[in-house]
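Biologist: I'm new to this one. Can you pull it up and walk me through it?
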Amino acid sequence: MAVILKTPEEIEKMRTAGRLASEVLDFIAPHVKAGVTTGRMNDLCHEYMVEVQKTIPAPLNYAPPGYKPFPKSICTSVNHQVCHGIPGDRVLKNADILNIDITVIKDGFHGDSSRMFFIGEPSIQARRLVDVTYECMWLGIAQVRPGARLGDIGAAIQGHAERNGFSVVREFCGHGIGRSFHEEPQVLHYGKAGTGLVLEPGMTFTVEPMINAGRPGIRELADGWTIVTKDHSLSAQWEHTVLVTPRGYEVLTRSAGSLAPPAVVPLAAA
Ligand code: MF3
Ligand code: CO
Ligand code: CO
């Protein structure tokens with residue numbers, strides 16, 4: 001299967017889906033605090049998506065080949081959990097770091113975005129990991145323009161992570177997105193500049209680096225979904241869905257509560 005270029009009409013639907021995914025994160029942000037369970041966050045987000053937005057939570061019952069259906073509507077990954085954490089009875093406590101990953105379907109199209117949250121006061125290391133990971137995502141996004149190559153994105157992310165003493169998770173990557181949750185291309189968060197697929201206007205994909213404070217190795221828990229660092233070091237992730245435009249990129253998963261790009265990133269060329 002080849003990369004699917006989106007038409008102007010499809011891009012408009014991707015903009016809507018992207019904004020809605022980001023608005024779920026805006027909605028849940030004030031509820032993220034010590035004493036609340038990840039399951040409660042799931043229930044609040046589910047209700048908001050289904051009842052207020054009239055969107056479909058894409059994770060719910062999502063079952064790619066080799067996986068059992070994902071049982072919840074959002075992913076919540078705490079501390080050394082890398083991604084795909086299943087919301088449940090875990091109670092958030094002071095100094096935890098949490099990734100909430102939201103994917104909605106609206107009018108047949110997907111929007112996929114995740115953010116990190118601090119519960120109370122993070123450790124100095126946790127804050128640095130979360131900040132550097134945010135910069136990694138944006139440095140990757142800033143590579144996006146027609147004629148650039150996927151390896152440029154991976155190299156920018158890997159370089160910044162490793163210069164800061166952190167490591168890049170290799171087993172999971174960004175992905176094309178549209179009518180499908182996951183489609184071509186695979187967007188690796190490591191690699192060599194000047195290699196890989198050449199970007200073209202109309203491509204839509206995610207950039208979602210998972211960066212570990214320790215070694216890059218991961219393992220999967222017995223629940224069949226939750227990914228953790230093998231060495232139990234902290235892990236962080238941020239995710240945006242982006243469009244390749246004729247002059248650069250457009251971040252589709254933006255809303256009123258989106259964080260501004262970090263200072264290390266040159267101004268966007270839309
Ligand atoms: N949202 C994740 C991603 O960024 C995928 C989650 S799949 C699920 O690709 F089933 F765990 F929800
Ligand atoms: Co994604
Ligand atoms: Co996601």
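Modeller: We'll take the metal site, then the cysteines. It is a predicted model, where local features need pLDDT of at least 70, side-chain atom pairs count only at pLDDT 80 or more, and totals for chains, interfaces and linings use all residues. Residues are numbered from 1 along each chain as its sequence is written, chains are lettered from A and ligands numbered from 1 in the order in which they are written, and side-chain values use heavy atoms, with hydrogens and water left out.

Biologist: Which residues coordinate the cobalt ion (ligand 2)?

Modeller: Asp-112 (OD), His-175 (NE2), Glu-208 (OE) and Glu-239 (OE), at 2.0 to 2.2 Å. Donors are N, O and S atoms within 2.8 Å of the metal (3.2 Å for Na, K and Ca); water is not among the atoms, so sites may look incomplete.

Biologist: How are those donors spaced along the chain?

Modeller: The pattern is D-x62-H-x32-E-x30-E. His-175 sits in strand β7 (residues 174-176), and Glu-208 in the loop between β9 (204-207) and β10 (210-212), 33 residues apart. Strands here are DSSP E runs of at least two residues, numbered from the N terminus.

Biologist: Are His-175 and Glu-208 buried or exposed?

Modeller: His-175 is buried, at 6% relative accessible area. Glu-208 is buried too, at 7%. Buried means under 20%, exposed over 50%, partly exposed in between (1.4 Å probe, protein chains only).

Biologist: Which residue coordinates both cobalt ions, ligand 2 and ligand 3?

Modeller: Asp-112; the two ions are 3.3 Å apart.

Biologist: New topic. How many disulfides?

Modeller: Zero, counting pairs of cysteine sulfur atoms within 2.5 Å. For Cys-45, the nearest cysteine sulfur is that of Cys-75, 11 Å away.

Conventions: Helices (H or I, at least four residues) and strands (E, at least two) are DSSP runs, numbered from the N terminus.
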